[in-house]
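Colleague: I'd like a close look at one part of this model, please. Pick a region where the pieces can be followed from one to the next, and walk me through it slowly.

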Amino acid sequence: MKYGPIFKTSLAGLPVVVSSDPEFNYYILQQEGKLVEFWYLDSFAKLIDLRGLGRDGESTPLTSIGHIHKYMRNMVLSQIGAEALRKRILPDMEETCQKALVDWSTQESLDVKKATSSVIFDFTAKLLYGFEPEKNMSERFSYIFQGLLSFPLNIPGAVFHKCLKNQKMGLKLMKDLMDERRAMPEKHRGDFLDQILDGMKTESFLSDDFSVLAMFAILLASFDIISSSLTLALMFLTEQPMVVKELEKEHEEILRNREQREGGLTWKEYKSMNFTMQVVNESLRMLNVGPGIMRRAIRDIHVNGYTIPEGWTIVIAQSALQLNPETYDDPLSFNPWRWKNLEPTVVAKSFIPFGGGARMCAGADFTKAFIAVFLHHLISKYSWEKVKGGEIIRSPVLGFGDGFYIKIRNK
């Protein structure tokens, strides 16, 4: 970077330290609740109200209470973590991907980002909350991402104003779902919504307001990174037939070795997708949905003879880490084979698409599994060709310009 791996700047008038130093970033991500706390831009804080209203009527800052985050993270992991995937989610995930691809193969063309967003949003909404969204609801949630890093100007015509309108829709939806489930206690599904309602009986921080916000935030975060990663992967695969051939080889072997030819994907088969996971990692490496991971210093931090004062913001620059030529040869090239030779310690410090430390995203395994299962069925049964689009735009949230349209055909 022009000013070195760690430098001072300002963001909206606030002092900020930006870091692309792997060692320092790894250290900071391990210091949650000790030297740093979670922090958002004002626009994000207003879209996802970062205060949980306790039953005593007093606001409780989410960023300063570690046990709240731990409790919520464990709940999410119990619903979509590795064990949940292995024991119950994988078959439904596979069925969802199969149905989507069958439908897409009948269309003249489709916008990959829009189509995958809809599929993943609908699947996650049903999995977590037991409801089937109305058509195009995923688009309204997608609009919210456009305002996460926008200037928080709430006037008609502004991006942030439109995002707030969609936020109100999303919060009302979550509140309606909660009220509906409460009215039918006999229909216990064991999903995330039931866990929320059960937890409200014992956890004081789980007020109605906090629970609705948590439900909204989790659904909002659940689908965009998957749809963006899948879109990016298909864009690169379209231009790299050798990668597609290697994927075909891996998935043909899975089908050839399957004891029950017509059976579904097993957990063992999923875990055997070594090259597929290299493709997934490479897509995530090049994705970088946001500009960085933000933390705020709660004590003075000393680094390389300098002091980062208490209250300053630290931005861990994911793009600079994951596109660093000192770590990744020819970093702007899509090369899944590079993952065969990367040391685990290098990966741990220079590959953080899901953050790190105690705040690492609970949906990491779910994201990787969905992409891998989708690719399994796409590569095994279909071919595709680009129709139009494919321009990558970072403004600063990653987007795809006029979309990326493809035509899918049965093999």
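Modeller: Happy to. Two strands count as paired here when DSSP finds at least two bridges between them, and strands are DSSP runs of E at least two residues long, numbered from the N terminus. Please keep in mind that this is a predicted model.

Let's start with the hairpin. Strand 1 covers residues 6–11 and strand 2 covers residues 14–19; the two run antiparallel and are joined by six bridges. One place to see the register is I6, which faces S19 across the pair. Two residues lie between the strands of this hairpin, and A12 has a positive phi there, near 55 degrees.

Now follow strand 2 to its other partner. Strand 10, residues 313–316, pairs with strand 2 over four bridges, this time in the parallel sense. S19 turns up again here, standing opposite I316 in strand 10. So what does S19 face in strand 1? It is I6, which gives you a handy path to trace on screen, from I6 to S19 and on from S19 to I316.

Helix 1, residues 22–29, packs on this sheet. The helix touches strand 1, strand 2, strand 3, strand 7 (293–297) and strand 10, and its direction makes about 120 degrees with that of strand 10.

Stepping back to the whole sheet, its five strands follow the order 1-2-10-7-3, and the sheet is open with mixed pairing. Which strands stand at the edges? Strand 1 and strand 3 (36–38) do, and because each has a single partner strand, one side of each is left without a neighbour in the sheet. On average, neighbouring strands of this sheet are turned by 35 degrees against each other, direction ignored.

If you want a marker elsewhere in the chain, try C361, where UniProt places the feature "binding site" in an unreviewed entry. C361 sits in the loop between helix 14 (344–350) and helix 15 (364–381). With 37% relative accessibility, C361 counts as partly exposed, because that class lies between the buried limit of under 20% and the exposed limit of over 50%. Leaving aside residues up to four places away in sequence, C361 touches R73 and F354.

Note on methods. Residues numbered from 1 in each chain as written. Predicted model: local features only at pLDDT ≥ 70, side-chain atom pairs only at ≥ 80, totals over all residues. Heavy atoms only, no water. Axes fitted to C-alpha atoms, helices over the stretch in contact; angles between N-to-C directions. Contact = heavy atoms within 4.5 Å. UniProt positions renumbered as here; feature names shortened; annotations may be inferred. Buried < 20%, exposed > 50% of the residue type's maximum accessible area, 1.4 Å probe, protein only.
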